[in-house]
Amino acid sequence: MAVSVRSWIANEGAKHLVLMLWLGANTWLFLSTFLLYSTGQQYHYLYKMLGLGLCISRASASVLNLNCSLVLLPMCRSLLTFVRGAHTVSTRKTRRLLDKSKTFHVACGVAICIFSVVHVSAHLANVVNFSTSYSDDFPALNLARYRGEDPKVIILTTIPGVTGVLLVLILLLMFMSSSYCVRMSNYEIFWYTHNLFIVFYIILMVHMIGGALKYQINIEAHPPGCLRTNQNSTEQQGEDLDYAEDEESRCREEAQFQPHNPQTWLWVSGPLCFYCVERVYRYIRSSNPVTIVTVIRHPCNVIELRMLKKNFKARPGQYIVLNCPGVSSFENHPFTLTTCPTVNRETFGVHLRVVGDWTERFTQLLLPLPRLAVEILPMVQQRRYPKLYVDGPFGSPSEEVFNYDVSLCVAGGIGVTPFACVLNALLDGWKGFRLQRLYFVWVCRELQSFYWFAELLCALHQKLWQENRPDYFNLRLYVSQTDNQQGMFEEQYRPLTSRLQVGRPRWKLLLDEIGKSNKRKRVGVFCCGPKGISRTLHRLCNSARSCGTAFEFNKESFS
């Protein structure tokens, strides 16, 4: 399939540019630090003792410092939401680039793991060299206390050694629990181990305090390789002979060494302060519990939750993070808003599918099973809901739906939630946006899933017909399972029946049709659903078309 240069640049250009800049920065840091320690005069004697292990360990440490600072920035959600919402500051390309923040976070995390292996391997070689290449001429340069000291003893009796072991253990736990299978099967393990990053950064700050590696501070008085006063030219070895031939090459004083000042805090302190300030801000903002107004049980194990919170404002497409102490005080789970507060309605809501331990326990607190043995009460008691805290809202790719002339929203199952808020905004009569036409495709396995938002879809359809704008909203529904399809919809849902098809969409034909109807335009494609649909749409958006339409791909993710 041919690739459209225009579409590829729109979808991949900025991402690959940032990737190249990031790789370039890592490469430059590694090479420049490597050359500094291999050729720098202040490291002459240390290099002779440790060899390439010195250069590789310090070069990888520089890369680790960079990535340990960058990995925090994509997690500053409030900062990213502010940049995304400030349209005078950010362009659409910048906002679309912010959608890749999670990918950048993962890339930095992988780089930290890879270069940690390199760093640890080089330092293991250094510890062996400290033991076997013990310097009698420069005792201050040694980390070992005597020649032949057990390397394991050196590691376990020095600050860099002990903290290094702890950092490796924490990083190993975080890396193993970050795999896709762990996150999907037991999100709690991922959540709790990932919060070890606080301990990781504290230990990281302490890691360099021991001063294992030292550099020479009196190069002018003691040029590296000079002939010391207790030596003659025949005692000098190899490269030092050339210096001994000249009287000026004699050392005026003994070499003096000093440990490096810790530099990790210079790299990490800025992003760490940003992150800590944001966490404090988010804690204060979410400190007051919300009022749960309504809980509705929908078909296919979906719960709708309507809430009320003072001064809560949100835009269509954004998401919030829920914390229910009755389930777990430390677990926070993101859910896309399906309704936003408006002038006439202060409540906001989410739809959550009951899958996993957290949602099951949360649902049991919201809708406890009735106790059959209880007698009928003489008076009606008000239902008591669990205490619930809301953090957010935060930005997401679906906010950009209104910033295109033409948008295509593709939802798979419960992935419809980001677009439900967009449809509610159209129904509420939002104005001042750019959108001129909206294509909406919703694919579900079971017919009953369409009842989650059947009333919303019918109400929007009727509103647009009354306003004589039937072509504004193009709706297509697909059900993949053909079992039990009798009596698809009630009479009140007739507008949906004519738009319901059995099977799966033919994506290429759909995009070709949209392209021919919107020649030479940029169409925003928004997808939230299974990876199979997402990959297919992403590939098709980058393909060339005779109509010259550019499809800009935007993807939501719950993983």
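These are my notebook entries on a predicted model, written for someone meeting this structure for the first time.

**Entry 1: the cores**

I began with the inside. The largest nonpolar core has 40 residues, and Phe440, Trp442, Leu457 and Phe473 have the most contacts inside it. I then looked up which elements give two or more residues to this core: strands S9 (406-412), S10 (437-444), S11 (473-479) and S13, along with helices H15 (417-427) and H16 (454-466). Apart from this core I found another, of 26 residues, with Met307, Ala314, Leu322 and Phe348 among them.

I picked Trp442 for a longer look. Leaving aside neighbours within four places in sequence, Trp442 is in contact with a good list of residues, including Ala411, Val416, Phe450, Trp452, Phe453 and Leu457. Arg476, Leu477 and Tyr478 are also among the contacts of Trp442.

**Entry 2: Asp99 and its surroundings**

Next I went to Asp99, which sits in the loop between helix H5 (92-98) and helix H6 (101-132). Which residues does Asp99 touch, not counting those up to four places away in sequence? I noted Arg84, Ser396, Pro397 and Asn554. Pro397 is 298 residues from Asp99 along the chain, yet their C-alpha atoms are separated by 6.0 Å.

With Arg84, Asp99 forms a salt bridge, and the closest N and O atoms are 2.8 Å apart. Arg84 belongs to helix H4 (residues 77-85) and Asp99 to the loop between H5 and H6, so this pair ties together parts that are 15 residues apart in sequence. I checked the cover on Arg84 too: its relative accessibility is 5%, so Arg84 counts as buried, the limit for that being under 20%. The pair also has company, as Arg84, Asp99, Arg315 and Glu399 are linked in a network of salt bridges.

**Entry 3: more salt bridges**

A reminder to myself: side chains of opposite charge can pair when their charged atoms come close. I found 20 salt bridges in the structure, and I followed up two others.

Glu552 and Arg96 meet through their side chains in a salt bridge of 3.9 Å, N to O. This pair links distant parts of the chain, with Glu552 in strand S14 (residues 550-555) and Arg96 in helix H5, 456 residues apart. Are these two partners buried or exposed? Glu552 counts as buried because its relative accessibility is 5%, and Arg96 is buried at a relative accessible area of 10%.

Arg145 and Glu149 form another salt bridge, at 2.6 Å from N to O. Here Arg145 is partly exposed, with a relative accessible area of 49%, whereas Glu149 is buried at 2%.

**Entry 4: a loop residue, Asn518**

I looked for Asn518 and found it in the loop between helix H18 (507-517) and strand S13 (522-528). Asn518 is buried, since its relative accessible area is 4%. Setting aside residues up to four places away in sequence, Asn518 touches Val406, Tyr439, Val523 and Thr549.

**Entry 5: out to the surface**

Last, I turned to the outside. Leu156, Val162, Val165, Leu166 and Leu169 make a nonpolar surface patch of about 420 Å². Which element gives the largest share of the patch? I wrote down helix H8 (residues 159-177), with four residues. Leu169 lies in helix H8, and Leu169 is partly exposed at a relative accessible area of 47%.

Terms used:
Residues are numbered from 1 along each chain as its sequence is written. This is a predicted model: local features need pLDDT of at least 70, side-chain atom pairs count only at pLDDT 80 or more; totals for chains, interfaces and linings use all residues. Side-chain values use heavy atoms; hydrogens and water are left out. Patches are made of residues with over 30% relative accessible area and no salt bridge: like charges are joined within 9 Å, nonpolar side chains (Val, Leu, Ile, Met, Phe, Trp, Tyr) within 5 Å. Accessible areas come from the Shrake-Rupley method with a 1.4 Å probe; for residues, only the protein chains shown count as cover. A salt bridge is a side-chain nitrogen of Lys or Arg within 4 Å of a carboxyl oxygen of Asp or Glu. Buried means under 20% relative accessible area, exposed over 50%, partly exposed in between (1.4 Å probe, protein chains only). Contact means heavy atoms within 4.5 Å. A nonpolar core is a set of buried Ala, Val, Leu, Ile, Met, Phe, Trp, Tyr and Cys residues joined through side-chain atoms within 4.5 Å.
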